[in-house]
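Student: Please take me slowly through one part of this structure, and keep to that part and what surrounds it. I would like each term explained with its cut-offs when it first comes up.

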Amino acid sequence: MTAIVVIAKECLPGKVKTRLHPPLSLEQAAQLAAASLADTLAVAGALPATRHILAFDGVTPPPEASDWEILPQTSGGLDERLAAIFDHLDEPTLLLGMDTPQINAAALAPVFTGWGDETDAWFGPADDGGFWALALKNPTGALLRGIPMSRADTGAHQLQRLDEAGLTVGLLPSLTDIDTITDAHTVASSAPHTRFARAFAGVTASALLRNAELPTVNGARS
């Protein structure tokens, strides 16, 4: 059995997705972050986990997490905060970020069907060199503490740490994290059914974005 933890910040203007500003306003960036988190919670909440936990940095959790356990994030760098989550749990644990609203149950199915005796960890690489998911059969923060975060080689360092610990790692699909407006366009285009895609369509229809340089689809502004 496996616990799911989604790590997230409260989606307040100026606190989330600030690299989308400009061309987005800080309010619009927060709207997209909230939609991305809602999509993530919806998919994770439907998976057959033993526990659903939101590792939360903020005051008011999103309504989509009303039935979830809330675990306040610790202080420190991202590696310390991730490590503290895995130290807190003593059962197989899947950690997800909030920046890949295109995730679906099929992408995460191996974590719930493929542990077996031969798999110690599952790793979901991100296109920017980081990772969007990490699952550990025997969670321990030592496997993350000290990993340089938010860099193009973060994923490589994390995989190396798992390998040095002697773990057998299964790979999940590579996904695009939403950091830039180009990323947002890519994700919205690939998953048009999501709340994120609908929110992105709304902000792109605004006067602010109509006057901005945006990624194009087939030569036309999105």
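**A close look at the largest pocket and its surroundings**

Tutor: Thr204 makes a good warm-up, because with a relative accessible area of 11% it is buried (buried means under 20% relative accessible area, exposed over 50%, and partly exposed in between, with a 1.4 Å probe and protein chains only). This is a predicted model, in which local features need pLDDT of at least 70 and side-chain atom pairs count only at pLDDT 80 or more, while totals for chains, interfaces and linings use all residues. Residues are numbered from 1 along each chain as its sequence is written, and side-chain values use heavy atoms, leaving out hydrogens and water.

Thr204 belongs to helix H6, residues 195-204 (helices, H or I with at least four residues, and strands, E with at least two, are DSSP runs numbered from the N terminus). Its side chain comes to 2.9 Å from the backbone oxygen of Ala201.

Now to the pocket itself. The largest pocket holds about 920 Å³ of space, where a pocket is an open set of points on a 1 Å grid over the protein atoms alone, at which a 1.4 Å probe fits, with protein on both sides within 12 Å along at least five of seven lines; the volume is the space filled by probe spheres set on the points, which are joined across faces, edges and corners. It is lined by 30 residues, and those closest to its centre are Lys17, Leu78, Asp99, Ser150 and Asp179 (a lining residue has an atom within 4 Å of a point). Two or more lining residues come from each of strand S1 (3-9), helix H2 (78-88), strand S4 (93-96) and strand S6 (131-136), and S6 gives the most, with 4 residues. By type, the lining contains 14 nonpolar, 6 polar and 10 charged residues, with Ala, Val, Leu, Ile, Met, Phe, Trp, Tyr, Cys and Pro counted as nonpolar, Asp, Glu, Lys and Arg as charged, and the others, Gly among them, as polar.

Two of the residues closest to the centre deserve a second look. Lys17 sits in the loop between S1 and H1 and has a positive phi of about 50° although it is not a glycine; Lys17 counts as buried because its relative accessibility is 16%. Ser150, in the loop between S6 and helix H4 (154-164), also has a positive phi, near 60°, but Ser150 counts as exposed because its relative accessibility is 71%. Most residues other than glycine have a negative phi, and most peptide bonds are trans.

The loop that holds Lys17 also contains Pro22 and Pro23. His21 and Pro22 are joined by a cis peptide bond with omega of about -15°, and the bond from Pro22 to Pro23 is cis as well, with omega near 10°.

Finally, follow S1 to its neighbour. S1 and S2 pair in the parallel sense over 7 bridges (two strands pair if DSSP finds at least two bridges between them), and Ile4 stands opposite His52 in S2. From S1 the chain crosses through helix H1 (residues 26-45) to S2 in a right-handed β-α-β crossover, meaning that, with the strands pointing away from the viewer, the path from the first strand over the helix to the second runs clockwise. S2, residues 51-57, is mostly covered, with 5 of its 7 residues buried. S2 also pairs in the parallel sense with strand S3 (residues 69-72), over 4 bridges, and there Ile53 stands opposite Glu69.

Methods: A polar contact is a pair of N or O atoms within 3.5 Å; within protein, one must be able to donate a hydrogen and the other to accept it, and residues adjacent in sequence count only if both atoms are side-chain atoms.
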